[in-house]
Amino acid sequence: MARKAAIIGGGVIGGGWAARFLLNGWDVSVFDPDPEAGRKIGEVLANARASLPALSDVPMQSEGALSFATSITEAVEGADYIQESVSERLDLKHRVFAQIQQSSHGVPIGSSTSGFKPSELQQGAADPSVIFVAHPFNPVYLLPLAEVVPSAQTDAGLVERAKETLREIGMFPLHVRKEIDAHIADRFLEAVWREALWLVKDGVATTEEIDEAIRMGFGLRWGQMGLFETYRVAGGEAGMKHFMAQFGPCLTWPWTKLMDVPEFNDELVDLIAGQSDAQSGMHSIRELERIRDQNLIGFLRVLKERNWGAGKVLLEHDALRRAALPVPVPGTGPLEMAHLTVLPGWIDYNGHMTESRYLFAASETSDAFLRFIGADVAYVGTGYSYYTAETHIMHLGEAKLGDALTGSVQVLAADEKRLHIFIRILKGGEAVATLEQMLLHVDMAAGKTCAAPKAILDRLLPIAAAHAPLPRPEAAGRHVGQRKA
Ligand SMILES: NC(=O)C1=CN([C@@H]2O[C@H](COP(=O)(O)OP(=O)(O)OC[C@H]3O[C@@H](n4cnc5c(N)ncnc54)[C@H](O)[C@@H]3O)[C@@H](O)[C@H]2O)C=CC1
Ligand SMILES: C[N+](C)(C)CC(=O)CC(=O)[O-]
């Protein structure tokens, strides 16, 4: 049975949480008194559906059921996890916790608060031990970070279970060991935000110039190495010590306004909002969200390919879900090995999936099959692998943006050195392409073919025997131009 998350407050952040839980198979009940909450969450969910699956190489769970409750009591009934995302006001959060705890007992309550400490949130609570901060980043359905901040009163075991829940929905729970106003990340954001406001107020730069200064340079670096690793590299061969010696003293030069905050008045708000309108007002917020999401998918995909930073979290989430998938059973037909979603970068000028991506889909499929028979990354680390010697692709249909594809493998023949397979790339059960491939087992250091070890043959040969009675695909052995004869 699907587990249930209660989302209290369904604005920008509550909507993002709802989408992340739903797309990870949880049922979600939202309570928000705003009459527009249903429409707003529907729009956030549409954006999430168009983006989150594109990060996954494992079939998504079937989406959970979304419901809107008419009270907090109704929303939290039967919930396994509660996430509070109401407006950033301490008195309001206290009232909401009191209402939640009238009917929910022992269920973890994460708060999305950007700045309040958990001990502040817990003041006056009937059961402070279940309350902690789970501070996410916008868009919650794509960015993995959730700062998890317990106080001394929070139940340590409950926090560990809550972190497990966050990992299950693909997040990276960063345990903040010592509570502090604004946790870790928002303290940086505040510092940058403060400097940016000064630069605009003092007429040094416009909002657009500041954004260019970030996105053309250090913003790109931060997404993959953070602050300290980036600066370590910037220290050259002497590393961090040299970096500190060179740039440490600058902190006392007038490079920053330090703690000075510009007066927050209508003049400043109008100045910033006016420049922001001029910079980005030609796009609606939903359009900007979609642009942001597609850019993030591109970045995250690259990091995933490199098993680095946030990409590592995506790979771990795939592995977690792959482990829960039913294991393909040899002998019952071609083995379904890969699940892919057609991404924006895969579309060509004809408006459909470009030809090189069919080869990519096939290689994802054959790689999954090789892992299945034991020729995985650890095996390649021993100096042996399978190399593809020949491929014949037939294009039979069109795949379009967002289509869900599966890749299946039929073993046509296998012996100690050779593996002859037929891959079908399927959309809704129909083949959009087939690929026939010959793979050879190689000794990588010698650069020569060699017999695969018994452990691999023990897995491969029974599959080949089980597939032998399957009808031989018509396209197997076909060559280009054959139909003309
Ligand atoms: N917007 C952002 O970039 C981020 C915000 N946060 C935090 O998330 C929380 C929510 O912020 P946003 O979603 O941005 O605000 P928002 O203004 O978009 O949404 C707040 C929602 O709370 C609802 N609400 C008010 N009183 C309520 C009640 N008694 N019961 C249920 N719902 C109620 C409002 O109707 C509104 O829909 C805040 O604590 C904020 O600090 C955290 C990370 C990022
Ligand atoms: C502006 N903010 C303080 C609400 C931002 C956050 O809390 C996190 C984010 O998504 O940047």
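Which residues does UniProt list for "binding site"? The unreviewed entry names G9, G10, G11, V12, I13 and G14. UniProt positions follow the numbering used here, feature names are shortened, and annotations may be inferred rather than shown by experiment.

This is a predicted model: local features need pLDDT of at least 70, side-chain atom pairs count only at pLDDT 80 or more, and totals for chains, interfaces and linings use all residues. Residues are numbered from 1 along each chain as its sequence is written, while chains are lettered from A and ligands numbered from 1 in the order in which they are written.

## Overall picture

The protein has 16 helices and 14 strands. Helices (H or I, at least four residues) and strands (E, at least two) are DSSP runs, numbered from the N terminus. Along the principal axes, the C-alpha atoms fill a box of roughly 80 × 55 × 45 Å. Of the 485 residues, 31% are buried. Buried means 20 or more other C-beta atoms within 10 Å of the residue's own; exposed means 12 or fewer; partly exposed lies in between; C-beta atoms are placed from the backbone. Contacts (C-beta atoms, placed from the backbone, within 7 Å) often span the sequence: among those between residues at least 6 apart, 69% join residues at least 24 apart.

UniProt's unreviewed entry also annotates residues 4-179 as "domain: 3-hydroxyacyl-CoA dehydrogenase NAD binding". Over that stretch the chain is 35% helix and 20% strand. Its end C-alpha atoms are 28 Å apart.

## Around ligand 1

There are 24 residues around ligand 1 (C-beta atom, placed from the backbone, within 6 Å of it). G9, G11, I13, S112 and S114 come nearest. The shell divides into 10 nonpolar, 11 polar and three charged residues. Here Ala, Val, Leu, Ile, Met, Phe, Trp, Tyr, Cys and Pro count as nonpolar, Asp, Glu, Lys and Arg as charged, and the others, Gly among them, as polar. Helix α1 (12-23), helix α4 (90-103) and strand β6 (131-136) each supply at least two residues. α1 gives the most, with three.

G9 sits in the loop between β1 (4-8) and α1. It is buried, with 25 C-beta neighbours inside 10 Å. Leaving out residues up to four places away in sequence, G9 touches G14, D32, E84, S85 and V86. I13 belongs to helix α1. I13 is also buried, with 25 other C-beta atoms within 10 Å. With the same sequence limit of four places, I13 touches S85, S112, P136, N138 and V140.

## Unusual backbone

Most residues other than glycine have a negative phi, and most peptide bonds are trans. A cis peptide bond joins N138 and P139, with omega about 5°. P139 lies in the loop between β6 and β7 (145-149). Two residues with positive phi lie in the loop between β8 (172-175) and α7 (185-201).

| Residue | Phi | Other C-beta atoms within 10 Å | Class |
|---|---|---|---|
| A182 | about 65° | 17 | partly exposed |
| H183 | about 55° | 21 | buried |

## Helix α12

Helix α12 covers residues 285-305. Its 21 residues should span 30 Å at 1.5 Å a residue (times one less than the number of residues). The end C-alpha atoms are 30 Å apart, which agrees. Its buried residues are I297, L300 and K304. Seen down the axis, they fall within an arc of 80°, so they line one face of the helix. The arc is that of the directions from the helix axis to the C-beta atoms. What covers them includes α13 (310-323). The face turned away carries the exposed residues E287, L288, I291 and N295. After α12 comes N307, with a positive phi near 50°.

How values were computed:
Contact = placed C-beta atoms within 7 Å.
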